[in-house]
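Q: Please take a close look at one single part of this model, starting from its pairing and its burial, and then follow the chain outwards into the surroundings. A connected account would be more useful to me than a list.

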Amino acid sequence: MSLEPVVIRFDHVSFSYDEKKVILDEASFSVHKNSIITIIGQNGAGKSTIFKLLLGKLTPQEGKISLENGTTVGIAEQMPPVEKLDLTIADYFESEPSEIRKIFASLDLNVPLERKVKELSGGQKARLLLAHALINNPDVLLLDEPTNNLDKNGVEFLTNFLINYKKTCIVISHDSDFLNFFTDGVINLDVHTRKIEQFVGNYYDVIAEIAAKLERDRRENARVEKSIKDRFLKINKLGGKSIAMSQLARRIREDIEEDREGIVATRREDKTIPDFTIPCQEYVGYVIKIKEPIETELVKGSRLIIRGPNGVGKSTLLRALLAGSCADINPKIRIGYYSQDFSELDFKQTAYESLLSVSQTDKANEIYEMGARFLLNGEILNTKIESLSEGQKGLLCYARLCLQRPGLLILDEPTNHINFRHIPVIAKAINEFEGPVIFVSHLTDFVEKIKDIRELDLEKK
């Protein structure tokens, strides 16, 4: 990889959406031709912003972004644009049908071109987005959370595709096992300093390197702090009894200040959301009686997972349950819904307005406190949802569930876009929710943490 020329270079690039929302501060990194690079960082650190800068959708306020002459860039985004969901697949691509079918065949995607984009399953949309990025054969391929909504077979297919990919690729993902198969290097974004660190090596080796450096910095800072403390004690003992002692004390103070300036600014690790509880609505009577494709009643504490490969109709069934078309739901029950595409959110609202719209309280302080529990500070809460990162939208949905106090949870891929550090906390909250839960998830680590699950496999129906 190191022998290949540099195809992308960020040279002291700074970017902010406004004076308060600085994303990058003099960020520098380079990407070599035919390498596969991973971008990691906390929610809101600017991972997707870097993609928009590479595509020319955004312009840096300072610094320079250079691409090798003639380099073309394509992106497989996290989700299709809302305004294109009603298009047919043929209209979405605006390409010759033969070319579309050819790229579909290479990605094992078998859907009719006259079908509307919104009618595809989450996994089919993920492959559609990859096909849309590849159809013009770009020199640089950008993948934004490409494993979202993919089942096990889909992830294996994508992994093998990238292992054999012969061009430059930059990937954003929270799926560590997926990343470790093909990563040549890692670009780490720090949401606190707005700086970038670049590492060479596979994903797990880089994570270990970051952790080791963090520990070295902490030990060195602890040594310096102890030395400073010991010298302050020495100054106090010297007092001001003579000119010589006063001069010695001054020199020690100067040394202390010099050492303080040399203290390393240690990298702050990703914050994990604290344990939280989704309060359950108080009610009397039944909750939900499912009529199709099985007849069953879910009571408090029930956990039902809907399984099956991409395209079998899992999300369609959840939406039908939500609408009551194949189930009898107690009309007094509030349903807490997490959709894989955040369709339950009004993107024109601020995050605060979204929380207020479902909250069982109108007390501003309680809403702000709930936002803070999910790493959504006052600045973020007063930002329109359309400007939030996908990870922040996901955390907003959990804050909504807590304020809503639902009697039933219907969750469609509830770990999509969520930092892997938060997943055990979310699983714990779902386990402790007193009402019934119906969910779809392809993330094995998450599913294994949910207790007493009943299973409905649509492929076997």
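A: Two strands pair if DSSP finds at least two bridges between them; helices (H or I, at least four residues) and strands (E, at least two) are themselves DSSP runs, numbered from the N terminus. The model is a predicted one, in which local features need pLDDT of at least 70 and side-chain atom pairs count only at pLDDT 80 or more, while totals for chains, interfaces and linings use all residues. Residues are numbered from 1 along each chain as its sequence is written, and side-chain values rest on heavy atoms, with hydrogens and water left out.

The part chosen here is strand β15, which spans residues 408-412. On one side β15 runs parallel to β14, to which four bridges join it, and within this pairing Leu411 of β15 has Tyr338 standing opposite. β15 also pairs in the parallel sense with strand β16 (residues 437-440), again over four bridges, and here Ile410 has Ile438 as its bridge partner. The connection from β15 to β16 passes through helix α14 (residues 423-432), and the three elements together make a right-handed β-α-β unit; right-handed means that, with the strands pointing away from the viewer, the path from the first strand over the helix to the second runs clockwise.

β15 is mostly covered, five of its five residues being buried, where buried means under 20% relative accessible area, against over 50% for exposed and a partly exposed class in between (1.4 Å probe, protein chains only). In a regular strand the side chains alternate between the two faces of the sheet. In β15, Leu408, Ile410 and Asp412 point one way, whereas Leu409 and Leu411 point the other way, and the residues on both sides are buried.

Asp412 leads from the strand to Gln340, since the side chains of Asp412 and Gln340 make a polar contact at 3.2 Å. A polar contact is a pair of N or O atoms within 3.5 Å; within protein, one must be able to donate a hydrogen and the other to accept it, and residues adjacent in sequence count only if both atoms are side-chain atoms. Gln340 belongs to the loop between β14 (335-338) and α10 (351-358), and its side chain makes a further polar contact, at 3.1 Å, with the side chain of Ser315. Gln340 counts as buried because its relative accessibility is 11%. With neighbours within four places in sequence left aside, the residues in contact with Gln340 (heavy atoms within 4.5 Å) include Met79, Gly122 and Asn149, as well as Glu413, Asn416 and His417.

Following the chain from β15 towards α14, one meets His422 in the intervening loop. His422 is buried because its relative accessible area is 1%, and, not counting residues up to four places away in sequence, it touches Asn43, Lys271, Thr272, Ile273, Leu375 and Leu395.

Helix α14 also takes part in a pocket: together with α5, α6 (176-180), β12 (303-307) and α15 (444-447), it is one of the elements that each supply at least two residues to the lining of the second largest pocket. On a 1 Å grid over the protein atoms alone, a pocket is an open set of points with protein on both sides within 12 Å along at least five of seven lines, a cavity is a set where a 1.4 Å probe fits but cannot get out, and lining residues have an atom within 4 Å of a point. Grid points are joined across faces, edges and corners, and a volume is the space filled by probe spheres set on the points. The second largest pocket has a volume of about 1100 Å³; of its 41 lining residues, Val155, Asp175, His442, Leu443 and Thr444 are the closest to its centre. The largest share of this lining, six residues, comes from α5.

Helix α5 (152-163) recurs in the largest cavity, where α4 (122-134), β6 (140-144) and α5 each supply at least two residues of the lining, with α4 giving the most, four residues.

To place β15 in its wider setting, the protein holds 15 helices and 17 strands, and 50% of its 461 residues count as buried. Its C-alpha atoms fill a box of roughly 90 × 60 × 35 Å along the principal axes. Among the contacts with a separation of 6 or more, residues 24 or more positions apart account for 74%.
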